[in-house]
Structures are given as C-alpha cells and as structure tokens.
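Visitor: I would like to learn how charged side chains and buried positions are read from a model. Could you take me through some cases?

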Amino acid sequence: MSQLFNLENHTIEIKQTKYPLTLRTLFGTSHSKTNTRTNCLISVCLDSSQTEIGYGEIGLPPKKPNCYLADPQDISLWFDAFFEHFAKICKTKNKEKSFDLGLPLKKNEWLSTLELPKWFLLLLYAIDTCPANNEKYSKAAQNGIEGACLDLLSKCLNQPLWKIITNNQNENKNKNKNKNNKTQLVERPTIPAFYTIGINTNPESILTSLKFGLKFTCNLKLKASKDLDLLFKTFEIIENYQKENQKNESDKINGIWSIDANADWTPEISLQFLDRLDERLKKKIYMVEQPFPLQIDTIEKSEIEEWKVVKGKYLEAGIRIYADESVSTVDSVMKVAPFSHGVNVKLEKAGGIRQAIQTVKEAQNSGLTIWIGMMVGSVLASNMAGSIAPLAGHTDADGGLLVTDECQPFEGGFNWNKTNGTITLSKESGFGTISKEN
C-alpha cells in the first residue's frame, strides 16, 4: 500500500510492502523452525526524489503469545490507521509554527541538538500519536516507519545515522580529506558481533552454517532448547571442525560463544548446564540469553529466588545472563534486573530507535550491560540495529547473513571483521545501505 501526502512545501510518499526472505539453512529456535520469513519494508520518499528515499524494515518472526505479536496483516492494519491519521495532521498541524512534539521525541537529546525539518517533525508526531498505538502489534510497525524517517533525515543531512545518535564530539579529529576532497571518516565504531546457528539435529546442516558464519566472525551465538545433550553435541561438532582446520597456532579461532535458550530453561536446567561445563568451555561462553520464562509477572516468588541463585552461580563462573523476550521497553527493564546481568534490546520490541535508546539508558542506569539484537532480516534490518550498536557491548546484527543474497533488496552497510569478530559501521549516510533497485 502507498499514499501521497501534501505538506506546505513538500510532498511525502509512504509505501508499505511485504517481501519474502529465504534463509540459507533451516533456522530453529526453542519455539519455531523456519526456512522463510515474510518481513515488511517501509519507504518514505521526499518530493518524488529518486535519491531522497528513507527505508525501514520490520522483522516478523513467527507469532508467539506475549512475545512476537505482529504479522504482515497486522502491520497493514496499523498503516491503514496511520495513513488516515497523518492525512489529518497534514491538514491541521501543517500551518502551525509550533506544536507539541510528544514525550518520546522530547526525551531524545540526540535529536534535540539538530535543526529538524518540519516534514520530519510532523511524521514523528504522527507516529507517536497514531490511534493504533494501543494495539499489541503496534511496536513493530512504529519501528518500520520511524526507521525510514530517520534514514531519510540522516541522508538529507549527509551523515551516518549512528554518528548522529552517538553525537561524536571528536568529529574534526576523526575526519580526513580523500583524493576527491570529500570528507571521509577515519575512525568508525567497531563492535563485537556474533553469527547465529539455529537448533538443528543434522550435523551437516550445523557444519554448513558454521563454515559460512566463520567467514565473517569468530563469535558464535547458538540457539538452545531443553535438550542439553543436543547443545553439547553442537559444541563437539564446532570444536572438532576448528581442530581439524587449525594447521598452526595462527589458524586458531579465538572467538567467544553466547547461548540463546529462548525462555525454554528452568532453574534446574540452567544449573545442570553450568555443571556440565568444564573450565575451557566456561572461558569460551560469554553469556546465556533468556533462560527464564518470558512473562516475569507470572513466575512464582519461590522460582524467582531460584533464578537469583542461578544468576549468582553464573557470575561466579564468569558467564553473564541476559534478558531478551522479557524486555521490550523502558517499563520492563526493572522486572528482569534481579536475575539478569544484561538486556538484549531489539528495535521491533521497543517500538523503534528512539524508544530503544531510552531502554538502553534505563538498563545502564540499573547497572545492566547492553546487547543489541535483531529479528531475522535483510542487510537493511542489520544496519538499523547497527545504528545503535555503539551504545552496546555486543551485537548479533547478523540477519543479513542468515538470508540468501538473492532475496535481499539491499546491499552495503557495515563491514564484518572475521579475525577479531567485530563489525565496523559504514561511513555512508543513513543506515549505510543501498537499494538494489536504484
């Protein structure tokens, strides 16, 4: 669907389409197994320009109660309401010299330092006040349109969005002139990054995914279920492959691992897992993600105490516990703090970049460390997550690696550094990605 909106000095065309993504291998988690995904793509075009177009992507995993709440049909419903709402705002607010921008915008200092064009302010105002925002699926939709608006804004400003967000104070020191006398960033953020291997009982499929992932990073994220035997079998497959391909010390793969339980473990399973780790594996594993149930409010008090014990035992072993599904917005951070060392912030859960940044700040103020995650998606979705990755310690912005090149509508973006397991963010404006159609 698409609609054209007329402002005082501009026209804005907004499109919302769905597109299928094909995964390279079967992607299994504790709650689903998929070979394909259907995400939504949002574009915002200013004044019918072929170059001034902002893009946002909405990652849509299979629905899971109280967790993954949106599908393409839900996104279309939200945009029906948004289009009607924005049309009214264009008529009523367009001629006003100033208006209430709403709390979400006021809280983002990194935006308040900019001279923001009115078309951008009107769009953010419409996003923040859309009548459909009370729907449970609205957060994912808000992320898509907000991302497209921010991508367009930073392209108009000719800056990478990550740079606008981090508000680099050393701009003059970090620039240099290239041969064409254009400013070029010398120093760009590098963030430790992970490649995800889904749950799979087929050793060959695990190896296929492993070989591909190690081309980009030495750090691995392994999906897990209650079946610890299968998880340790996966450990064995990975380590055997690494030993077989290590001809000398320089070939040694020194990456770290994270384990994603997707809310499938109990306190007992968590402690069993810890007991089965030898000292070598304890040094290898950086963190375990969401071992506890996603609905924190439903956990019995006695079990909460058990999870606190788990947190302490893992800390003694040098392994962190991160909350993922249980954390969406600022309001959910304090609920997981008693039995987590960190939180995994995702744009679709938070409702976009602005709200994700507020969630990051709340978590940091609570003494929690930050991981930036993402849903399965294209290179665009990876770089949307990458734009706030400098605020975190680690990221698994690997969605663009999980799907085939042929199905992706974008290219470019950050670079993977396989030797040290990091990504280096793009110097290009916006999210740093380029539409293959342009």
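Visitor: Which residues are linked in a network of salt bridges?

Guide: This is a predicted model, and in it Lys221, Lys223, Asp260, Glu289 and Asp396 are the residues joined in a network of salt bridges. A salt bridge is read from a distance, with a side-chain nitrogen of Lys or Arg within 4 Å of a carboxyl oxygen of Asp or Glu. The structure holds 21 salt bridges.

Visitor: Which parts does the pair of Arg24 and Asp405 tie together?

Guide: The closest N and O atoms of Arg24 and Asp405 are 3.0 Å apart. Arg24 belongs to strand 2 and Asp405 to the loop between helix 16 and strand 16, so their salt bridge ties together parts that are 381 residues apart in sequence. Arg24 is partly exposed, at 31% relative accessible area, and Asp405 is partly exposed as well, at 48%.

Visitor: With which residue does Asp297 form a salt bridge?

Guide: The partner of Asp297 is Lys335, with 3.3 Å between the closest N and O atoms. This pair links distant parts of the chain, 38 residues apart, with Lys335 in helix 12 and Asp297 in the loop between strand 11 and helix 11. Asp297 counts as exposed because its relative accessibility is 62%, over the 50% cut-off.

Visitor: Is Ser340 buried or exposed?

Guide: Buried means under 20% relative accessible area, and Ser340, at 1%, therefore counts as buried. Ser340 sits in the loop between helix 12 and strand 13, where a polar atom of the Ser340 side chain lies 3.0 Å from the backbone oxygen of Val336. Among the residues that Ser340 touches are Phe292, Ile321 and Leu368.

Note on methods. Residues are numbered from 1 along each chain as its sequence is written. This is a predicted model: local features need pLDDT of at least 70, side-chain atom pairs count only at pLDDT 80 or more; totals for chains, interfaces and linings use all residues. Side-chain values use heavy atoms; hydrogens and water are left out. Helices (H or I, at least four residues) and strands (E, at least two) are DSSP runs, numbered from the N terminus. Buried means under 20% relative accessible area, exposed over 50%, partly exposed in between (1.4 Å probe, protein chains only). A polar contact is a pair of N or O atoms within 3.5 Å; within protein, one must be able to donate a hydrogen and the other to accept it, and residues adjacent in sequence count only if both atoms are side-chain atoms. Contact means heavy atoms within 4.5 Å. Lists of a residue's contacts leave out its neighbours within four places in sequence.
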